[in-house]
Amino acid sequence: MSSGLPASIEARARLRDDLEFYARNCMFIRAKSGKVQAFRFNKAQQYIHERLEAQRAATGRVRALILKGRQQGCSTYVGARYYQRTTWAKGIRTFILTHEDQATQNLFEMVNRYHEHCPMFVRPSTGAANAKELFFDKLDSGYKVGTAGTKGVGRSSTIQLFHGSEVAFWPHAETHAAGVLQAVPDEDGTEVILESTANGVGNLFHQKWTDAERGVGDFIAVFVPWFWQEEYQKSVPEGFEMSEEDRQYAETYGLTLEQMAWRRNKIAELKDANLFKQEYPATAAEAFQMSGHDSFIKPALVAQARKNDRAESGPLVIGFDPARFGDDGSAMVRRRGRKAFGVERRHKLTTMQGAGWLKLVIDQEKPARVFIDVGGLGIGIYDRLVEMGYGDIVAAINFGSSPLEPPQFGPDGKEIGGGPANRRAEMWMKSRDWLEQEGGVDIPDLDSLQADACAPGYKYDSNSRVLLERKEDMRKRGVPSPDEWDALALTFAEPVAETQPRAISFRSPGW
């Protein structure tokens, strides 16, 4: 143990309850240099720790998804967290599941290193110890490991602590979700941590991540950007110059020339800028961008708007996108001029609940206009609000209807292409133009909002008009409905002038 820390009751209590204290005094890791050294949290590990501890304090358990870049110490942290928990309590079963045999071996070697270097006065007695299991006999606690290539792995056990590593690369991922994840009881003290780099969209990890971002289920979404790693820097070579895109990227994320030099060198190694975004993402939305996917709104525009700070100005306009299908959420976004704010999402709303939510917002915030997509539940919500006397505030918008602005025709009488094919494309085009404004705009710093903005692709119809990718087609490639950006786009449905607050007369009692 370091610094001669006394084996007092107080010290043991802190070692049991304070993971960061325990790690730097009792745990050793093999650094990237190959040197075995005391484990001190880096910035990414500290952030992960704080997020998980906050969830444990609030709910009594941990259910977390961690999205990160390569070699940022996530598995090292989870391994340390679970070794402490497993060796300081009785009857704890810990299971590690990785995507391939070599990764399984590496993680188990890390656990064994923690155990071998653990000071004797806190090191538990060992029973069985082999390549797949480490059992602490006097505690009746222990570890098992497995590889996701075997469909039934871990299925028959009851597990208190589960670590899923590189989940986006699991074969048979859905089978494991229905098996080993179900072996963890829904009890206080249990933990499920699923961590991975991204591997495209549509897989189990991506689906669970998008749910977590939207507040669906018990899991929280924890993202770690690549530039938190202090070692991800490189000496700036002579003659190093940044492109305009490089300068915008550096400004957006506050990066140094040394970090940008490291980034350029890594892109050259990978031979693919899109692969760098997946392996070393700056945002969660960037991590899941698929190579070859041509999004209608470009990620750089959204990333910059997330970092801007602009004052509110002009009338308050609200966009409301009600759920159309069972897995969709109802999303609401506010906007005043260059500033969008107040993103909210709710799930499984009935028509009456949706109308009640909007009524409360209108009464409290006094918007000049509320634009409602009238597909799905929307038409019922709109009708109900009109019945209650809000007809001069709410406006029904049909995404599939003709654009508000008429098409342009040339001298030959033929339509000039390039415009939107329908109202939805028109509003998204206006939101993109808004992002491109000189002086910039300000949107909430949310990965979910950026993911929605950059999710739809686009094509052109026979008249060269823009058609956004249909939500049904997005689902086929594993991408959820972009509800939050649909709601923001709705704020551009029509020009809105500032209005004076007015008294609302109610036509229907009971609200």
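The expected span of a helix is 1.5 Å times one less than its number of residues. Keep that handy for the exercises below, and remember that this is a predicted model.

**Exercise 1. Check the length of α5 against its expected span, then work out what packs over it.**

Step 1. Take the 17 residues of α5: at 1.5 Å a residue they should span 24 Å. The C-alpha atoms at the two ends are 24 Å apart, so expectation and model agree.

Step 2. Pick out the buried positions, meaning those under 20% relative accessible area. In α5 these are Ala103, Thr104, Leu107, Phe108, Met110, Val111, Arg113, Tyr114 and His115.

Step 3. Look at what sits over those residues. The cover includes the helix α4 and the strands β1, β4 (93–98), β5 (133–136), β6 and β7 (161–165).

**Exercise 2. Do the same for α15, and decide how enclosed this helix is.**

Step 1. α15 runs over residues 423–435, which makes 13 residues. From first C-alpha to last it reaches 18 Å, close to the expected 18 Å.

Step 2. Now for burial: 10 of the 13 residues are buried, so α15 is largely enclosed by the rest of the structure.

Step 3. Put names to them. The list starts with an unbroken stretch, Arg423, Arg424, Ala425, Glu426, Met427, Trp428 and Met429, and is completed by Ser431, Trp434 and Leu435.

**Exercise 3. Describe the largest pocket: its volume, its lining and the elements that build it.**

Step 1. Start with the volume, which comes to about 1200 Å³.

Step 2. Go to the lining. It has 37 residues, and those closest to the centre are Arg30, Lys32, Gln71, Gly73 and Thr76.

Step 3. Find the contributing elements. Two or more lining residues come from each of β1 (28–30), β2 (36–38), α3 (43–59), α4 (74–87) and α5 (101–117). The largest share belongs to α5, with seven residues.

Step 4. Sort the lining by character: 14 residues are polar, 13 charged and 10 nonpolar.

**Exercise 4. Repeat the analysis for the largest cavity.**

Step 1. Count first: there is one cavity of 30 Å³ or more. The volume of the largest cavity is about 250 Å³.

Step 2. Its lining is made of 20 residues, with Val201, His206, Phe288, Ala451 and Ala455 nearest the centre.

Step 3. At least two lining residues come from each of α7, α11 (284–287) and α16 (447–453). α7 gives the most, four residues.

Step 4. By character, the lining splits into 11 nonpolar, five polar and four charged residues.

**Exercise 5. Which phi values at Gln71 and Asp140 deserve a second look, and where do these two residues sit?**

Step 1. Gln71 is not a glycine, yet its phi is positive, about 55°. Asp140 is another non-glycine with a positive phi, near 55°.

Step 2. Place them. Gln71 belongs to the loop between β3 (62–67) and α4, while Asp140 is in the loop between β5 and β6.

Step 3. Check accessibility. Gln71 counts as exposed because its relative accessibility is 57%, over the 50% cut-off. Asp140, at 38%, is partly exposed.

Step 4. Move on to Ser141, which is in strand β6 (residues 141–147). With 0% relative accessibility, Ser141 is buried. Beyond its neighbours within four places in sequence, its contacts include Thr86, Ala89, Lys90, Leu134 and Phe135.

**Exercise 6. Is Glu230 buried or exposed, and how far is its C-alpha atom from that of Gln259?**

Step 1. Glu230 lies in the loop between β9 (220–223) and α8 (244–253). At 71% relative accessibility it is exposed.

Step 2. Glu230 and Gln259 are 29 residues apart along the chain, and their C-alpha atoms are separated by 9.1 Å.

**Exercise 7. Decide where to be careful with the coordinates.**

Step 1. Take the overall picture: the average pLDDT is 87, and 90% of the residues score at least 70.

Step 2. Find the weak stretches. pLDDT stays under 50 over residues 1–5, which have 10 contacts beyond four places in sequence. It also stays under 50 over residues 502–511, where the model has 26 such contacts.

Step 3. Draw the conclusion: where pLDDT is low, the predicted coordinates should not be read in detail.

Note on methods
Residues are numbered from 1 along each chain as its sequence is written. This is a predicted model: local features need pLDDT of at least 70, side-chain atom pairs count only at pLDDT 80 or more; totals for chains, interfaces and linings use all residues. Side-chain values use heavy atoms; hydrogens and water are left out. Buried means under 20% relative accessible area, exposed over 50%, partly exposed in between (1.4 Å probe, protein chains only). Contact means heavy atoms within 4.5 Å. On a 1 Å grid over the protein atoms alone, a cavity is a set of points where a 1.4 Å probe fits but cannot get out, and a pocket is an open set with protein on both sides within 12 Å along at least five of seven lines; lining residues have an atom within 4 Å of a point. Grid points are joined across faces, edges and corners, and a volume is the space filled by probe spheres set on the points. Ala, Val, Leu, Ile, Met, Phe, Trp, Tyr, Cys and Pro count as nonpolar, Asp, Glu, Lys and Arg as charged, and the others, Gly among them, as polar. pLDDT is the predictor's confidence in each residue, from 0 to 100.
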